[in-house]
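Okay, can everyone see the screen? I'll talk through the packing and then the charged pairs, so here comes the structure.

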Amino acid sequence: MDWKLWFTGLRPKTLPASVAPVFVGAASAWHALQQSTICPDIYPVPQTCITATQRYQVVQERFSAVLIACALLALFLQVAVNFANDYSDGIRGTDAARHVEESYSDKPQRLVASGVKPSLVLTAAAISAIIACVFGMIAVLISGQYLLIPIGALCILAGWFYTGGKHPYGYSGFGELLVFLCFGGVATLGTQYALAARIDSLGILGAVCTGLLSCVMLMVNNLRDLSQDEAAAKRTLAVRLGRNRATVALYAAVLIPAAVMVCAIFLSVSSDLERLWPLSLSATLALGSMWSVVSTVHNQQFKSALSRSGTALLLYAVTHIVAVVLVA
């Protein structure tokens with residue numbers, strides 16, 4: 001068993017895309033719960049305020065447990081998708097030409113293309129998916145938000161059919177759409193709903209930004225593999241658009257998260273920098289990381305750009321959390 005090979009098969013640089021949106025959703029949920037307990041100073045206290053306060057107390061007790069379950073669900077689901085993609089691309093022969101050029105120090109080694117039995121990779125994907133389902137059920141049972149069960153099931157199916165099945169949509173240029181919906185919308189807003197039983201504008205903003213930054217990670221990956229994917233008839237969005245237009249699309253995806261960071265810096269500088277300096281610092285670091293992604297992509301340094309895109313996503317999540325703590 002080559003553990004180094006299996007570790008690279010996890011594609012660890014993609015894992016920030018799974019956990020960062022969960023913590024953004026958790027911060028948004030905390031904000032929503034805090035806002036719900038703000039009541040007018042009148043007597044008698046309105047029943048809606050009493051109910052909101054009671055709910056806040058209940059949710060506060062289970063907050064950490066639900067958050068941990070959601071984070072582990074997202075992490076193992078990402079691992080399952082990575083293994084499933086390796087299996088599907090491997091048996092289709094998509095990774096065959098790519099494997100010839102790759103090494104541990106350059107591009108990520110593929111398991112099936114490296115000689116690992118496809119059945120073992122599929123088993124690893126299935127085990128990871130089962131573990132993800134277990135943590136998902138724990139989150140649902142603790143939170144009582146059973147509506148999330150069919151949504152989670154759809155995400156698992158979407159992960160498989162990304163490169164699996166007879167007509168994988170990842171081979172038709174719709175991979176970015178899946179990433180935006182699942183790693184932005186479902187991961188962020190699903191976590192917020194599980195924790196607070198509501199979705200607000202802050203959660204939606206977080207979902208859009210995490211979704212776009214997760215798309216940037218995939219777009220960097222697809223730009224790196226463009227020539228091999230084109231030769232294997234894998235028509236990713238980068239293949240369909242061509243290198244130049246795909247690069248412009250990546251730049252456009254960074255614009256909204258970058259604009260949010262600029263607004264955060266402006267807010268902290270113009271209002272109370274002495275108190276809000278952590279927000280200004282984290283937003284500046286996130287903005288710099290986003291710029292570094294753009295510059296490395298421009299120079300076609302895709303290995304560096306992939307790791308930096310993960311860092312940009314994590315720094316955005318930190319900024320979102322700091323903003324909730326200090327401002328919202």
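Let's start at Leu223. If you skip its neighbours within four places in sequence, Leu223 still contacts Ala238, Arg243, Ala246, Thr247, Leu250, Val297 and Phe302. Keep in mind that this is a predicted model.

Now zoom out to the largest nonpolar core, which has 50 residues. Leu223 is among those that touch the most other members, along with Val220, Leu250, Met290, Val297 and Tyr316. So who supplies this core? At least two residues each come from H2 (16-36), H6 (148-161), H7 (175-196), H8 (201-224), H10 (237-241), H11 (243-270), H12 (273-298) and H13 (302-326). The top contributor is H8, which puts in ten residues. There's also another core, apart from that one, with 20 residues, including Leu33, Leu67, Leu148 and Leu195.

Okay, charges. How many salt bridges do we get? The count is two. One pairs the side chains of Asp89 and Lys234, at 3.2 Å from N to O. Asp89 sits in helix H3 (residues 47-92) while Lys234 is in the loop between H9 (226-231) and H10, so this pair ties together parts that are 145 residues apart in sequence. And are those two buried or exposed? Asp89 and Lys234 are both buried.

The other bridge joins Arg224 to Asp225, where the closest N and O atoms are 2.9 Å apart. Arg224 is buried, and Asp225 is too.

That's my tour, thanks.

Terms used:
Residues numbered from 1 in each chain as written. Predicted model: local features only at pLDDT ≥ 70, side-chain atom pairs only at ≥ 80, totals over all residues. Heavy atoms only, no water. Core = buried A, V, L, I, M, F, W, Y, C linked by side-chain atoms within 4.5 Å. Buried < 20%, exposed > 50% of the residue type's maximum accessible area, 1.4 Å probe, protein only. Helix = DSSP H or I, 4+ residues; strand = E, 2+ residues; numbered from the N terminus. Contact = heavy atoms within 4.5 Å. Salt bridge = Lys/Arg side-chain N within 4 Å of Asp/Glu carboxyl O.
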